[in-house]
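Q: I am new to this structure and would like a guided introduction. Could we go through it step by step?

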Number of protein chains: 2
Amino acid sequence: MTKRQKNAAATREALLEAARRRFLEESYDNVGLRDVAKDAGVDVALVGRYFGSKEELFREVLRGTCPHWLDADVTAEALPAFLARLAIEAGEGDTQESLDRLLIILRSASSPATSELVRTAFVEDVLEPVARLLPGEDAQSRAAVAFTILMGTKVLRTILGVQPLLQCQACALEAKLELLLTEALLKPLSGDSGATGES
Amino acid sequence: MTKRQKNAAATREALLEAARRRFLEESYDNVGLRDVAKDAGVDVALVGRYFGSKEELFREVLRGTCPHWLDADVTAEALPAFLARLAIEAGEGDTQESLDRLLIILRSASSPATSELVRTAFVEDVLEPVARLLPGEDAQSRAAVAFTILMGTKVLRTILGVQPLLQCQACALEAKLELLLTEALLKPLSGDSGATGES
DNA sequence: ATATTAAGTCCGCAACTGTTGACTTTTTTC
DNA sequence: GAAAAAAGTCAACAGTTGCGGACTTAATAT
């Protein structure tokens with residue numbers, strides 16, 4: 001058995017993981033390939049060798065992060081609670097199902113090089129899978145409204161660090177989010193469903 | 001009266017306006033000072049002369065965009081409808097009251113150079129003014145939840161260009177947003193307020 | 001009309017970016 | 001063990017970026 005100091009697959013993975021961590025905390029433009037390589041403990045040139053370009057590395061990260069974040073067997077009724085839970089959880093940790101993908105999408109959504117890539121990734125891999133679980137007419141629209149809430153929560157909590165959303169007792173916030181998501185996902189878009197019987 | 005081809009105040013304003021337009025469409029890092037100067041029809045060096053640095057130019061843009069976007073005399077009850085209206089309107093045009101500020105904040109929130117600046121601008125100039133209009137206990141938290149929705153709407157519509165939110169008949173979407181904002185702003189954070197009499 | 005000051009332009013520096021090619025070292029294969 | 005291929009390192013290129021100093025042009029004041 002040879003001592004393997006050189007392992008292509010391993011360093012490729014290390015590079016990918018380092019990139020994932022970086023893209024999770026900074027925008028596409030603010031992540032330098034030299035930083036990523038330093039984190040992975042290898043040289044910058046390996047990025048070019050294994051991924052071709054920075055953009056393809058980003059694409060791979062996006063594709064590899066939380067690929068099956070949505071439990072296939074979650075029912076439409078359980079969806080609001082499920083999503084509210086995801087929105088609140090720190091995102092730290094090894095959790096396989098998380099909204100990390102949303103964060104990466106969000107951070108690099110305003111970079112010309114990645115905007116289109118990120119846009120289609122959001123629609124195809126995030127929005128539509130949820131919309132497919134919804135019964136009724138305007139499934140896509142209702143899912144979009146729901147993700148409005150989830151995206152906003154990620155923005156205010158993780159990116160802007162708004163204290164009221166971080167401090168307030170988690171259970172109360174989670175309950176409120178669940179309520180809002182129920183209204184967004186399960187009630188018809190335009191209707192008198194009359195959630196609030198107020199003026 | 002001398003023909004004035006050189007006017008300090010005017011070019012400073014032109015520079016500011018050009019920067020505003022750029023920062024509205026791209027992130028802090030992706031806006032080049034040379035582009036801004038070209039749009040304003042002057043030389044790059046003027047940016048340094050009038051604003052000192054790119055960061056201070058950005059600060060000024062942020063401070064000058066929609067300074068009094070919130071009508072001082074809007075009541076708490078009218079707030080949901082008011083905000084829903086703002087979230088939907090295109091943002092194009094001369095509208096003095098708009099959520100352009102949110103968009104600028106959002107685009108540059110992930111740039112190390114501007115993240116802190118943008119964070120305090122959001123809390124002090126956007127979140128707290130709304131929170132101050134709210135009666136009751138958890139005003140800050142409720143305002144934060146509401147801005148979750150507004151931020152998310154801006155993200156999905158303007159940055160990600162999600163079609164379902166752009167196409168669906170505006171009035172239906174606006175009504176839904178108003179409903180959600182009412183729930184977020186006016187109902188107690190944790191409570192049985194029972195907006196939805198469902199399981 | 002001339003001198004003075006403000007307004008604007010041109011040029012270049014220094015740092016950083018992604019990317020590529022030549023080179024060295026390790027691993028595998030025969 | 002030698003040869004071939006893979007894995008990794010180093011250095012440099014070409015393009016930007018923000019920024020600052022030297023210079024020129026226009027407006028003002030005397």
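A: The following exchange covers the contacts between the chains, the symmetry, a helix pair and the DNA.

Q: What kind of model is this, and how are things numbered?
A: This is a predicted model, in which local features need pLDDT of at least 70 and side-chain atom pairs count only at pLDDT 80 or more, while totals for chains, interfaces and linings use all residues. Residues are numbered from 1 along each chain as its sequence is written, and chains are lettered from A and ligands numbered from 1 in the order in which they are written.

Q: How many residues of chain A are in contact with chain B?
A: 46 residues of chain A are in contact with 46 residues of chain B (contact: C-beta atoms, placed from the backbone, within 7 Å).

Q: Which element gives the most on the side of chain A?
A: That is α8(A), with 13 residues. The elements that give two or more residues to this side are α6 (100-107), α7 (115-133), α8 (139-159), α9 (163-167) and α10 (170-186) of chain A (helices are DSSP runs of H or I with at least four residues, numbered from the N terminus).

Q: And what is the make-up of that side?
A: The side of chain A that touches chain B has 26 nonpolar, 13 polar and seven charged residues. Here Ala, Val, Leu, Ile, Met, Phe, Trp, Tyr, Cys and Pro count as nonpolar, Asp, Glu, Lys and Arg as charged, and the others, Gly among them, as polar.

Q: What turn lays chain A on chain B?
A: A turn of 180° with a shift of 0.0 Å along the axis does so, with an RMSD of 0.0 Å (superposed by least squares on the C-alpha atoms of residues with pLDDT of at least 70 in both copies). The two copies are thus related as by a two-fold rotation axis.

Q: Which C-alpha of chain A is nearest the axis?
A: In chain A, that of G152(A) is nearest, 2.1 Å from the axis.

Q: New topic: at what angle do α1(B) and α2(B) cross?
A: Their axes, lines fitted to C-alpha atoms over the stretch in contact, with angles from 0 to 180 degrees between N-to-C directions, come within 8 Å and cross at roughly 125°.

Q: Which residues make that contact?
A: Among them are T11(B), A14(B) and R22(B) of α1(B), and D35(B) and V36(B) of α2(B).

Q: Finally, which residues come nearest to DNA strand D?
A: Of the 21 residues around DNA strand D, K6(A), A8(A), D43(A), A45(A) and S53(B) come nearest (near: C-beta atom, placed from the backbone, within 6 Å). The surface near this strand divides into seven nonpolar, seven polar and seven charged residues.

Key: Two residues are in contact if their C-beta atoms, placed from the backbone, lie within 7 Å.
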